Amino acid sequence: MYVSIFLPWLLTIPFLVHSSPDQQPKGLLINCGSDVKQTVKETGLTYIPDDGFTFSGNKTSLDAKNLLPILSTLRYFPDKVARKYCYTFQAIKGSKYLVRTIYYYGGFDGGKEPPVFDQIVGGTKWSVVNTTEDYANGLSSYYEIILVAHIKTLSVCIARNNQTVSSPFISAIEVISLDDSMYNSTDLGAYALVTVARSSFGNEDTISFPEDPYYRLWQPFKDDSTDVVSSQSSITTSEFWNKPPAKAFATAITMSTTKKLDVQWPPGLLPSTRYHVSLYFRDDRNSKTNTWRVFSILVNGKTFYSNLNVTTDGVTVYAPNWPLSGKTLISLIPDTKSSIAPLINAGEIYQLMPLGGRTLPQDVMAMEELARGFDNPPLDWSGDPCLPRENSWTGVSCSQEKMPRIIALQLTNLGLTGILAPTVNNLTALHHLWLGDNQISGSIPEMNSVDQLETLHLESNNFTGPIPKSLATLQYLREIFLQHNKLDGPIPQELQGRKGLHIL
């Protein structure tokens with residue numbers, strides 16, 4: 001799911017929020033393709049360059065005038081061999097984050113239509129990025145997802161698919177830290193929440209930071225058949241489920257008489273699956289009034305909540321796993337004794353996206369150290385090494401478990417330089433290690449823990465030092481190719497003459 005946003009000259013984009021220069025949401029605001037830190041004049045928010053978060057792709061800037069800084073530069077990825085192109089961010093394991101990716105094509109490659117490609121979070125395909133219609137209408141696009149960091153990093157990747165005809169690109173990424181209590185009715189160990197709609201009913205403008213300290217974008221929503229009312233008093237929402245901004249309760253839509261209020265929201269058609277739905281209500285009248293506003297809530301004719309008593313204190317009603325398909329009709333039916341029409345202030349809908357698993361963290365950390373040991377690792381060596389399976393790292397083979405293990409590295413003749421990091425010894429499910437015909441130097445690390453290893457090909461490199469004695473402890477080892485290096489010392493006696501072992 002994605003949302004369209006207008007370009008700056010249309011003056012209706014959600015970036016037109018105002019904050020003081022020292023105010024920033026808690027997290028990272030990244031301007032892809034930029035060389036310098038930039039503060040967006042219209043918002044007061046500062047974005048930093050993407051250097052250090054990714055090591056692939058090229059930078060470029062757009063010629064169009066009056067673009068916001070975060071839309072005026074981008075990073076594109078022309079390499080057709082890499083299986084994915086990733087950004088990696090430090091995270092707190094177990095913490096929740098809102099990730100927003102922003103795309104504006106701008107004809108950077110001389111084409112007329114933007115490319116279509118995939119985006120990935122961790123080991124899970126998130127969505128297809130198709131901004132063709134938006135771009136044709138003068139719009140940029142953004143996608144949002146709420147997820148938990150299961151390790152100490154978060155990766156956001158884009159990847160080619162069979163529809164991609166030119167270079168994938170990205171304009172900006174925002175990674176915002178959320179409070180631990182937010183959205184915890186959903187099992188975020190098994191699912192992520194993909195934003196479908198987040199709306200403030202009856203409002204004229206988008207609500208965002210600093211009104212919402214978590215930099216969520218609450219788009220205005222109106223219905224021509226309803227009336228708009230405004231609240232008569234302030235409200236504190238810090239104790240509310242999901243912590244909506246107080247401004248989301250400032251307006252509501254209602255009926256002029258005490259009859260049923262029907263709202264088709266969100267306006268588009270939804271795929272048939274499960275959703276997290278949160279609805280927000282608050283009585284707009286003076287708190288001293290002695291008549292009640294009571295109504296029941298139906299979603300597509302099915303009871304969502306019965307006899308809700310809405311007061312000036314406000315209330316949240318939610319369902320963490322609600323089925324939706326096609327059009328969504330929210331019906332508010334007043335109680336027979338109620339003399340006041342129902343109303344609604346705001347709502348959020350997220351699609352539940354099952355997580356596709358992740359590589360065993362021990363293997364991920366070992367592979368990240370291997371990547372750091374090489375001067376020039378393959379361009380797609382970031383993000384999850386094994387998942388999604390069609391986007392695994394170059395030269396990496398994995399087991400078929402839900403939490404896969406690294407079982408083979410086939411990196412022969414890739415021009416690799418640097419060292420073979422000692423953490424290769426932590427890849428305890430490894431069966432085959434092939435690094436021949438590169439320019440890797442340094443010593444061969446001990447491998448006593450890689451007890452499943454069958455073949456070790458390190459020939460034609462620049463390794464120095466002795467042959468590790470620990471190789472003799474690997475009972476399944478049947479091939480050791482070490483020729484054409486700069487090793488010294490004898491072959492360990494335990495390896496010499498071992499039956500079934502081929503040594504070069």
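Which helix or strand gives the largest share of the lining of the largest pocket? Keep that in mind as you look through these close-ups of a predicted model.

**View 1. The largest pocket and what lines it.** Here's the answer: H3 takes the prize, with seven residues in the lining. The pocket itself has a volume of about 1,300 Å³. It has 49 lining residues, and the closest to its centre are Thr-88, Ile-151, Thr-153, Glu-368 and Gly-383. Helix H3 (361–373) is joined by strands S7 (85–90), S11 (139–148) and S12 (153–159) as the elements that each give two or more residues to the lining. Sort the lining by class and you get 23 nonpolar, 17 polar and nine charged residues.

**View 2. Asp-118 and its surroundings.** Find Asp-118 in strand S9, which covers residues 117–121. Is Asp-118 buried or exposed? It counts as buried, because its relative accessible area is 8%, and the cut-off for buried is under 20%. Its side chain makes a polar contact with the side chain of Lys-125, at 3.5 Å. Leaving aside neighbours within four places in sequence, Asp-118 also touches other residues, including Ser-127, Val-128, Cys-157 and Arg-160.

**View 3. An open sheet of three strands.** Trace the strands in the order S5-S6-S13, and you'll see antiparallel pairing. S5 (58–61) and S13 (169–170) are the edge strands, so called because each pairs on one side only. Zoom in on S5 and S6 (residues 73–76): four bridges join this antiparallel pair. Lys-59 stands opposite Arg-75 in S6. What holds strands of a sheet together? They pair through backbone hydrogen bonds.

Definitions and conventions:
Residues are numbered from 1 along each chain as its sequence is written. This is a predicted model: local features need pLDDT of at least 70, side-chain atom pairs count only at pLDDT 80 or more; totals for chains, interfaces and linings use all residues. Side-chain values use heavy atoms; hydrogens and water are left out. On a 1 Å grid over the protein atoms alone, a cavity is a set of points where a 1.4 Å probe fits but cannot get out, and a pocket is an open set with protein on both sides within 12 Å along at least five of seven lines; lining residues have an atom within 4 Å of a point. Grid points are joined across faces, edges and corners, and a volume is the space filled by probe spheres set on the points. Ala, Val, Leu, Ile, Met, Phe, Trp, Tyr, Cys and Pro count as nonpolar, Asp, Glu, Lys and Arg as charged, and the others, Gly among them, as polar. Buried means under 20% relative accessible area, exposed over 50%, partly exposed in between (1.4 Å probe, protein chains only). A polar contact is a pair of N or O atoms within 3.5 Å; within protein, one must be able to donate a hydrogen and the other to accept it, and residues adjacent in sequence count only if both atoms are side-chain atoms. Contact means heavy atoms within 4.5 Å. Two strands pair if DSSP finds at least two bridges between them.
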